[in-house]
Amino acid sequence: MTIQTFELKNEYIALCDLIKNLGISHSGGAAKLMVAEGLVEVDGTLESRKTAKIRAGMVVKVLGEEIHVVAAP
């Protein structure tokens, strides 16, 4: 499993936007499909909300990637 860190510049980012911005999916639509197909976990729980608010301190897992979300300095 590959571990990445994502610096959050705002209060939160939508789950599908996070997946798209990191290049795990080639488009927002593909990211939404990944969530709908049950391929995404947030903090160890399967997440079905495409626009779930991802905040600093959360961990997202998708397709062998583990993303640690941290607040930007």
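**A guided view of the predicted model**

The buried residues of α2 are covered by elements that include α1, β3 and β6. The structure described here is a predicted model. In α2, the residues that count as buried are Ala 30, Ala 31, Met 34 and Val 35. They lie on the same side of α2, because the arc they cover around the axis is only 145 degrees. Just after α2, Gly 38 adopts a positive phi of about 80 degrees.

From this helix the reader may turn to the nonpolar interior. The largest nonpolar core comprises 21 residues, and those with the most contacts inside it are Leu 15, Leu 18, Ile 19, Val 40, Ile 54, Val 60 and Ile 67. At least two residues of this core come from each of β1 (2-8), β2 (13-14), α1, α2, β3, β6 and β7. The element that gives the most is α1, with four residues. Ile 67 offers a point from which to view the surroundings: leaving out residues up to four places away in sequence, Ile 67 touches Gln 4, Phe 6, Leu 18, Leu 22, Ile 24, Met 58, Val 59, Val 60 and Val 62.

The loop between α1 (15-21) and α2 (28-36) holds Ser 25. With a relative accessibility of 6%, Ser 25 counts as buried, because the cut-off for that class is under 20%. A polar atom of the Ser 25 side chain lies 2.9 Å from the backbone oxygen of Ser 27. Apart from neighbours within four places in sequence, Ser 25 is in contact with Ile 19, Lys 20, Ala 30, Ala 31 and Met 34. Among these partners, Ala 30, Ala 31 and Met 34 also belong to the buried residues of α2.

Two further loops deserve attention for their backbone angles. Most residues other than glycine have a negative phi. Asp 43, however, has a positive phi, near 50 degrees, and is placed in the loop between β3 (40-42) and β4 (45-46). Its relative accessible area is 44%, so Asp 43 is classed as partly exposed.

Leu 63 likewise is not a glycine and has a positive phi, of about 45 degrees. This residue is found in the loop between β6 (59-62) and β7 (65-71). Is Leu 63 buried or exposed? At 51% relative accessibility, Leu 63 counts as exposed, because that class begins over 50%. The strands on either side of this loop, β6 and β7, are among the elements that each supply at least two residues of the largest nonpolar core.

Notes
Residues numbered from 1 in each chain as written. Predicted model: local features only at pLDDT ≥ 70, side-chain atom pairs only at ≥ 80, totals over all residues. Heavy atoms only, no water. Buried < 20%, exposed > 50% of the residue type's maximum accessible area, 1.4 Å probe, protein only. Polar contact = N/O pair within 3.5 Å; in protein donor to acceptor, adjacent residues only side chain to side chain. Contact = heavy atoms within 4.5 Å. Core = buried A, V, L, I, M, F, W, Y, C linked by side-chain atoms within 4.5 Å. Arc of directions from axis to C-beta.
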